[in-house]
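Biologist: I have not looked at this structure before, and I would like to go through it slowly with you, one question at a time. Could you put it up for us both?

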Amino acid sequence: MLKTIRDKIYNSTTTSALGGIISVLFIRVLGILFLFGITIYLTNFYDPALVGAYEFTRSALFLIGGFAILGTDQSILFFSGRFLKRNQVKTFFRIYLKMVLLILLISGVILIGTLAVPQPVFDSLFNDSTSGTLLVKTSFCVFFYAITLLNTELYRGFALQKKSELYRGLYKQLPFAVGLFVLYMFEEKTYLVDVFLASYLVLAIITSLEVLKIYSRNTTSSNSPSKPVSFKTILKSTMPIAMSALGFYLLISIDIFFLKIYTDFKTLAYYGTAVKIIFLISTIVSTISSYIAVEIAELYVKNREELQALMRKGVRIISLLSVLLSVFLYFFSELILNIFGAEYTEANESLRILIIGHFLSTLCGITAVYLNMTKKQITLQYIIAFTVVFNGILNWVLIPKMGMNGAAIASALSVVMWNVIAGIIIYRKDKINLFIH
């Protein structure tokens with residue numbers, strides 16, 4: 001039934017810009033709701049310590065995977081525009097294979113590095129004997145996670161946006177959901193983390209088979225000669241993106257690691273649930289940002305007045321949707337957390353702090369995408385690097401005194417600060433006002 005509704009909305013609205021945004025937003029919200037469903041099951045039927053171990057592993061996978069993928073998931077779109085439009089499909093897929101080799105190499109280095117760290121070092125850092133083992137397991141699976149992300153973005157290069165969105169939101173949760181059902185049948189809850197990591201092995205295989213189908217379907221009609229593209233060329237394209245992406249991953253995961261150092265897995269479970277709820281707000285920004293990204297790049301070169309009008313409309317739409325959602329989440333925060341289990345209401349104050357911070361950040365417009373689309377990636381890297389240091393210091397100071405509330409304050413202040421700084425820099429350089437007005 002949901003598929004039928006989704007298809008009707010998608011097919012009936014793709015003719016307009018607003019319809020496109022609604023379609024993408026609908027698919028992404030479905031993915032978040034699916035994630036919420038899995039989380040509600042975990043928090044109600046699994047011990048908070050196990051859920052916390054899962055949250056720790058999930059954050060570690062995002063962070064380490066963000067390094068391993070080396071920006072290839074975004075630069076693959078650049079190469080698709082450069083070669084697929086010229087019908088040079090074989091050249092494009094040779095670039096893809098070189099990206100896979102780069103990911104394999106980096107993942108191998110990460111695994112060797114993790115295995116080389118003595119277990120007592122992990123035990124001392126995280127105050128337990130479990131976190132180190134979780135990091136080792138994560139390192140074994142990081143290659144499959146990175147390949148899944150790369151394949152999902154490759155679909156976009158072939159104008160398969162709908163397939164890409166479905167994998168990003170819904171399909172990537174299915175193997176984990178099936179694994180949880182198997183654990184339920186055999187009453188083996190202790191393998192929660194193992195099933196989560198193994199789900200990316202399944203996803204890597206499935207998405208790679210999809211890539212092979214796309215390759216076989218497109219190379220038969222490709223007549224343009226193949227041209228070699230060196231690893232050096234690929235790295236020049238991926239490294240700036242990788243630095244920015246790694247900074248973002250640090251911003252969304254550093255609080256989890258500090259919390260583990262100073263608290264325990266139960267606290268991670270409570271705080272991690274609050275962070276997932278915040279995804280609803282960030283989804284609004286990311287959806288609208290990604291949808292108008294290309295138009296930002298075009299108008300930046302052609303017409304600054306139209307660009308300012310686009311930015312004004314964009315921030316107004318984002319702010320309107322965000323204020324409605326934020327007000328609802330703020331006043332019903334405790335009730336929402338109670339759905340995940342009575343214990344999880346301990347994160348109520350942290351959730352409200354996060355809601356305020358992320359809402360205020362939406363009033364600054366779509367800063368990150370603007371900087372990327374107007375060739376200011378270096379500026380973005382400096383802003384993110386500064387914010388990561390600022391966030392780390394705040395977590396180090398606040399978490400020992402305030403626990404997860406300290407983590408929430410650090411996260412909220414950081415997301416507001418870096419968006420405000422970016423907005424000010426953009427206005428000074430381009431005279432484009434991204435703030436709500």
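Biologist: In this model, which residue does the side chain of Glu 153 meet in a salt bridge?
Modeller: Please keep in mind that this is a predicted model. Side chains of opposite charge can pair when their charged atoms come close. Glu 153 lies in helix H7 with its partner three residues away, so the two are separated by about one helical turn. With a relative accessible area of 6%, Glu 153 is buried, and at an N to O distance of 3.1 Å the residue that its side chain meets is Arg 156.

Biologist: How many residues apart in sequence are the parts that the salt bridge of Glu 210 and Lys 163 ties together?
Modeller: The side chains of Glu 210 and Lys 163 meet at 3.3 Å, N to O. Glu 210 lies in helix H10 while Lys 163 belongs to helix H8 (residues 161-169), so this pair ties together parts whose separation in sequence is 47 residues.

Biologist: Are Glu 210 and Lys 163 buried or exposed, or something in between?
Modeller: The limit for a buried residue is under 20% relative accessible area, and the limit for an exposed one is over 50%. Glu 210 has 18% relative accessibility and therefore counts as buried. Lys 163 has a relative accessible area of 25%, which makes Lys 163 partly exposed.

Biologist: Which residues are joined into one network by salt bridges that share partners?
Modeller: A search of the whole structure finds nine salt bridges, and the bridge between Glu 153 and Arg 156 is one that we have already met. Through shared partners, the residues joined into one network are Glu 153, Arg 156, Glu 165 and Arg 168.

Biologist: Which residue forms a salt bridge with Lys 137?
Modeller: Lys 137 counts as partly exposed, because its relative accessibility is 30%. Its closest N and O contact with the partner is 3.1 Å, and the pair links distant parts of the chain, from helix H7 (residues 131-157) to helix H10, 57 residues apart. The partner is itself partly exposed, with a relative accessible area of 28%, and its name is Asp 194.

Biologist: Turning to the rings, is the pair of Tyr 54 and Phe 176 stacked or edge-to-face?
Modeller: A pair of aromatic rings is described by the distance of the centres and the angle of the planes. The search of the whole structure finds 24 aromatic pairs, and in the pair of Tyr 54 and Phe 176 the centres are 5.5 Å apart with the planes at 20°, so the arrangement is stacked.

Biologist: Which helices hold Tyr 54 and Phe 176?
Modeller: Both residues are buried, and they belong to an aromatic cluster that also includes Phe 62, Tyr 145, Phe 196 and Tyr 200. Their pair links parts of the chain that are 122 residues apart, with Tyr 54 in helix H3 (residues 48-68) and Phe 176 in helix H9.

Biologist: What is the angle between the ring planes of Phe 93 and Tyr 96?
Modeller: Phe 93 and Tyr 96 are both buried, and as they are three residues apart in helix H5 (residues 89-116), about one helical turn separates them. Their aromatic pair is edge-to-face, with 6.2 Å from centre to centre, and the angle between the planes is 80°.

Biologist: Which helix gives the most to the nonpolar patch on the surface?
Modeller: The patch includes Leu 320, Val 323 and Phe 332, and its residues together have about 800 Å² of accessible area. Phe 332, which counts as partly exposed at 40% relative accessibility, lies in a loop that leads to helix H14 (333-339). The helix that gives the most, with six residues, is H13.

Biologist: What is the phi of Leu 70?
Modeller: Most residues other than glycine have a negative phi. Leu 70 lies in the loop between H3 and helix H4 (72-83), where its 8% relative accessibility makes Leu 70 count as buried. Although Leu 70 is not a glycine, its phi is positive, at about 55°.

Biologist: Is Glu 187 buried or exposed?
Modeller: Glu 187 also has a positive phi of about 55° without being a glycine, and its place is in the loop between H9 and H10. Its relative accessible area is 69%, and therefore Glu 187 is exposed.

Technical notes:
Residues numbered from 1 in each chain as written. Predicted model: local features only at pLDDT ≥ 70, side-chain atom pairs only at ≥ 80, totals over all residues. Heavy atoms only, no water. Patch = residues over 30% accessible without salt bridge, like charges linked within 9 Å, V, L, I, M, F, W, Y side chains within 5 Å. Areas by Shrake-Rupley, 256 points an atom, 1.4 Å probe, with all protein chains shown as cover. Salt bridge = Lys/Arg side-chain N within 4 Å of Asp/Glu carboxyl O. Helix = DSSP H or I, 4+ residues; strand = E, 2+ residues; numbered from the N terminus. Buried < 20%, exposed > 50% of the residue type's maximum accessible area, 1.4 Å probe, protein only. Phe/Tyr/Trp six-rings, centres within 6.5 Å; stacked < 30°, edge-to-face > 60°.
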